[in-house]
Amino acid sequence: MHGCCPIILDRIPQSIPCPERAAAKDGCIKAVGQADVIRNEFSEASFERIIDCSGKCVLPGLVDAHTHPVWAGDRVHEFAMKLAGASYMEIHQAGGGIHFTVEHTRKATEDELLATLQQRLGRMLRAGSTLVECKSGYGLDLDTELKMLRAIERARRSTDIGISSTYCGAHAVPKGKTATEATDDIINNHLPKLKELKLSGEIHVNNIDVFCEKGVFDLESTRRILQAGKDIGLQINFHGDELHPMKSAELGAELGARAISHLEEVSDEGIVAMARAKCAAVLLPTTAYMLRLKQPQARKMLEEGVIVALGSDFNPNAYCFSMPMVMHLACVNMKMSMNEALAAATINAAYALGKSDTHGSLEVGKQGDLLIINSSRWEHLIYQFGGHEALINYVIVKGKVIYENERCEAMSSY
C-alpha cells in the first residue's frame, strides 16, 4: 500500500491547465486552487510532510508512451555497425537486431528479466517518468512472451512506477516461420492463452502491438492480429510506417486504434485519418536520431489536429531512459514548441495509453504523480539537454515521495 504524503505544490506552468497550487491526499489530488484558498480549506488538516517549493516548479509526472524494457543481452556492438553505415534492416537480416536479443532473452530466467527491468524502471523514474508503457516482444514464442509479461506483471505489483503492459508477440517473424505462420500462431495460440491468463487475474495486459513493416508483418497480417487482440479487450497501440510507407495509419484509424508509434513514413492521408479517428501519434525522436531516419512530421500532425505524444522507445537499439532528453530532441529535430513537447510527454502520452482520465495533468481527482523541479522556470527541464539529474528534486507517485534528490538543495540548476 502507498502511504499518504499530502503536499503543497508551488508553481504550475501555464501549459498545464490548472491554477497555481494544489494539494494531494490519499494518492489522488484533492483540491486545486490559489495558495490562500488551499491553506484555508486545509487549515485544520494534519500533514505527514510539507514540501517547500519556493522558487521551484511543479509538473505532472512524465509519461513514457513507448518502451521495450524487458530483455537480456547487450547490443552495443551494433551501434558501431550503425555508425559505419549499416541500416536497421541490414543488421536485422544478418541475425542481429531483434533476433539477437530474442536469443538471449529466451535463455534468461524470469527472475533475471525482472531484476534488469526493475533497474531500468528505476532509472526512468529518476528521470521523471511516473507512468511507463512496457512491451514484451523479445520472445516471439509463447513461453518466452509469457515469461516477459509475467516479469512486467511482477514489476507492476512490486514497484512504485505506473505500468501499462503491452503484448508485442508480433515484433518480428520468428526464425523458421513465415509471416503467415507466425500470424496464425499468435491468433490461434498466443492470444487465447493471454485471454485465459487475463480472466484469471494472473496477468494484466492493456495493449496489443504489431511491427507493421516491409519484410516483417504486412498490412493484412497486422490487421488480423490487431483485430484478434481487440476482440479479447486489448487496446490497439502498434508500430507503423517507420521504415517504409505501409498505410499503417489508415489501418489504425479504421480499426479504432488508440495509438500508432513511429510514423516517420506516414502518408498525408494517414495523418488526416488519425486526426479524424482521434488516434494518437506516439513519436520517438530518439529512434529517428540514432537510426538517422527522417524525422516524423510533428508539425504537420499538430496542424492537422492529431494528438501527438512522445515516447523514449527505450530498447537495445535506442538506449535512452530520459523523457526530458526526448522532449529536447522533439523540440530541436521535430520543431515542436516546449509547451507542445511537455503536453506530448504528459497528458497526450497518458491519452495514448488510455489513461488520461487519471494521469498526465494536475487536476482534482487525478492520481498525485508529480515532479518538483529545482528551477523557477520549468522550461529548464527541456532546455538543459541531459541536465535532469540536477533539476529533478522530487518524484512523487500517488502522493508519496518516491525519489528525493538531495543534491539539488546544494546545487544551482543554472
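**Strands, loops and internal spaces of the predicted model**

In this predicted model, K278 lies in the loop that connects α10 (268-277) to β11 (280-283). K278 is not a glycine, yet it has a positive phi of about 55°. With a relative accessible area of 55%, K278 is exposed, the cut-off for this class being over 50%. A second non-glycine residue with positive phi is K398, for which the angle is about 50°. K398 is found in the loop between β14 and β15. Its relative accessibility is 32%, and K398 therefore counts as partly exposed.

The two loops lead to two sheets. β11, which follows the loop of K278, belongs to an open sheet of eight strands. The order of strands in this sheet is β5-β6-β7-β8-β9-β10-β11-β12, and the pairing is parallel. β5 (62-64) and β12 (308-310) form the edges, and each of them pairs on one side only. From one strand to its neighbour the average turn is 25°, with direction ignored. In general, the strands of a sheet pair through backbone hydrogen bonds, in either a parallel or an antiparallel sense.

Within the eight-stranded sheet, strand β9 comprises residues 235-240. Five of the six residues of β9 are buried, and the strand is thus mostly covered. In the sheet order, β9 stands between β8 and β10. Strand β8 (residues 207-210) runs parallel to β9 and is joined to it by two bridges. Across this pair, I208 stands opposite I236 of β9. Towards strand β10 (residues 259-262), β9 pairs over four bridges, again in the parallel sense. Here F238 has I260 of β10 as its bridge partner.

The other sheet considered here is also open and consists of four strands in the order β4-β13-β14-β15, with antiparallel pairing. β4 (57-60) and β15 (400-404) are the edge strands; each has a single partner strand, so one side of each has no neighbour in the sheet. The average twist from one strand to the next is 25°. Strand β14 (residues 392-397) and β15 run antiparallel and are joined by four bridges. One of the bridge partners across this pair is V401 in β15, which is matched with I396. The loop between β14 and β15 is the one that holds K398.

K398 also takes part in the lining of the largest pocket, which encloses about 400 Å³ of space. This pocket is lined by 17 residues, and those nearest its centre are R156, I161, G162, I163 and K398. At least two lining residues come from α6 (142-158), and at least two from β7 (162-170). β7 is a member of the eight-stranded parallel sheet. By class, the pocket lining consists of five nonpolar, seven polar and five charged residues.

Enclosed space was examined as well. Rolling a probe the size of a water molecule over the atoms shows where empty space remains. Four cavities of 30 Å³ or more are present in the structure. The largest cavity holds about 130 Å³ of space. Its lining is made up of 15 residues, among which Y88, H171, D313, N315 and N317 lie nearest the centre. Of the lining residues of this cavity, five are nonpolar, seven are polar and three are charged.

D313, one of the residues nearest the centre of the largest cavity, is located in the loop between β12 and α13 (323-334). Its relative accessibility is 4%, so D313 counts as buried, the limit for this class being under 20%. The C-alpha atom of D313 is separated by 9.7 Å from that of V282, although the two residues are 31 residues apart along the chain. β12, at one end of the loop that holds D313, is an edge strand of the parallel sheet.

The UniProt record, an unreviewed entry, annotates residues 58-401 as "domain: Amidohydrolase-related". In the model, this span is 46% helix and 16% strand. The C-alpha atoms at the two ends of the span lie 13 Å apart.

Conventions:
Residues are numbered from 1 along each chain as its sequence is written. This is a predicted model: local features need pLDDT of at least 70, side-chain atom pairs count only at pLDDT 80 or more; totals for chains, interfaces and linings use all residues. Side-chain values use heavy atoms; hydrogens and water are left out. On a 1 Å grid over the protein atoms alone, a cavity is a set of points where a 1.4 Å probe fits but cannot get out, and a pocket is an open set with protein on both sides within 12 Å along at least five of seven lines; lining residues have an atom within 4 Å of a point. Grid points are joined across faces, edges and corners, and a volume is the space filled by probe spheres set on the points. Ala, Val, Leu, Ile, Met, Phe, Trp, Tyr, Cys and Pro count as nonpolar, Asp, Glu, Lys and Arg as charged, and the others, Gly among them, as polar. Two strands pair if DSSP finds at least two bridges between them. Axes are lines fitted to C-alpha atoms, for helices over the stretch in contact, and angles run from 0 to 180 degrees between N-to-C directions. UniProt positions are given in the numbering used here, feature names are shortened, and annotations may be inferred rather than shown by experiment. Buried means under 20% relative accessible area, exposed over 50%, partly exposed in between (1.4 Å probe, protein chains only).
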